[in-house]
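Colleague: I should like to learn how to read the features of a protein model. May we go through some of them in turn?

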Amino acid sequence: MPQSHFKRLLVIAAIVLTVAVPVMAQHGARSISEQEYEQLPKWRPTERRVGSSYRADLRRFLPHVGDQYPQNSCVGWAVAYATKSYQEARDQNWRPDSDKRIFSPAFIYNQINGGQDRGSFVRDALQLLKTTGRATLPT
């Protein structure tokens, strides 16, 4: 994955996770230390606007709402299912309206959870995505 795509994916993941933080705290997202947080690159918004406002409707590029059930796999859902599906839909200009266009949260979560259903770190999911790649729901 080119570095520019990875940086863009990181920003998208940050946005998705910001919205999902209240839910994730109860369903498996593990927090990094204060020191690790301080070392992360920070995103600075630009003055670029969409039309005449700061609003944009991204729903056409997002998959339908899924359900992780009782599994602590929210990081896999946020990074693969939501963020990567969104990124590919935007890049390919398609709708994530079939399983072949939606990315698997289990593919990510099952490789980063240490063999136990105790949650995982976003940084591990993004690193796996960068180094290994991803799989769609049917694969």
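Modeller: We shall discuss helix packing, buried residues, aromatic rings and backbone angles. Please keep in mind that this is a predicted model.

Colleague: How does one describe two packed helices?

Modeller: Two numbers serve for this: the angle between the axes of the helices and the distance between those axes. In this structure, α3 and α4 have axes 7 Å apart and pack at an angle of about 135 degrees. That angle makes α3 oblique to α4. The crossing in which α3 passes α4 is right-handed.

Colleague: At what angle do the axes of α4 and α5 cross, and within what distance do they come?

Modeller: The axes of α4 and α5 cross at roughly 110 degrees and come within 10 Å. Angles of 65 to 115 degrees count as roughly perpendicular, and α4 and α5 are therefore roughly perpendicular to each other. Their crossing, too, has a hand: that of α4 and α5 is right-handed.

Colleague: Which residues are buried in helix α5?

Modeller: A residue is called buried when its relative accessible area is under 20%. In α5, which spans residues 122-131, the buried residues include Ala-125, Leu-126, Leu-128 and Leu-129. They cover an arc of only 160 degrees around the axis, and so they lie on the same side of α5. Just after α5 comes Gly-133, with a positive phi of about 105 degrees.

Colleague: How many aromatic pairs does the structure hold?

Modeller: There are two aromatic pairs in the structure. One of them joins Phe-61 and Tyr-86: the ring centres are 6.3 Å apart and the planes stand at 90 degrees, so this pair is edge-to-face. The pair links distant parts of the chain, since Phe-61 is in the loop between α2 and α3 whereas Tyr-86 is in helix α3, 25 residues apart.

Colleague: Are Phe-61 and Tyr-86 buried or exposed?

Modeller: Phe-61 has a relative accessibility of 9% and therefore counts as buried. Tyr-86 is buried as well, with a relative accessible area of 11%. As for the other rings, Trp-77 and Tyr-81 form a tilted aromatic pair, with 4.6 Å from centre to centre and 50 degrees between the planes. Trp-77 and Tyr-81 are four residues apart in helix α3, so about one helical turn separates them. Both of these residues are buried.

Colleague: Which residue lies over the face of Tyr-37, and which over the face of Phe-121?

Modeller: Here one looks for a charged side chain above the ring. Lys-42 lies over the face of Tyr-37, at 4.5 Å from the ring centre. For Phe-121 the partner is Arg-123, which lies over the ring face at 4.4 Å from its centre.

Colleague: You mentioned a positive phi in a glycine. Which residue other than glycine has a positive phi near 55 degrees?

Modeller: Tyr-69 is one such residue, with phi near 55 degrees. Tyr-69 sits in the loop between α2 and α3. Its relative accessible area is 60%, so Tyr-69 is exposed. Asn-93, which is not a glycine either, has a positive phi of about 55 degrees.

Colleague: Where is the place of Asn-93, and does Asn-93 count as buried or exposed?

Modeller: Asn-93 lies in the loop between α3 and α4. A relative accessibility of 54% is over the limit of 50% for exposed residues, and Asn-93 therefore counts as exposed.

Definitions and conventions
Residues numbered from 1 in each chain as written. Predicted model: local features only at pLDDT ≥ 70, side-chain atom pairs only at ≥ 80, totals over all residues. Heavy atoms only, no water. Buried < 20%, exposed > 50% of the residue type's maximum accessible area, 1.4 Å probe, protein only. Helix = DSSP H or I, 4+ residues; strand = E, 2+ residues; numbered from the N terminus. Arc of directions from axis to C-beta. Phe/Tyr/Trp six-rings, centres within 6.5 Å; stacked < 30°, edge-to-face > 60°. Lys NZ or Arg CZ within 6 Å of the ring centre and 35° of its normal. Axes fitted to C-alpha atoms, helices over the stretch in contact; angles between N-to-C directions. Parallel < 35°, antiparallel > 145°, perpendicular 65-115°, else oblique. Left-handed = near helix turned anticlockwise from the far one by under 90°.
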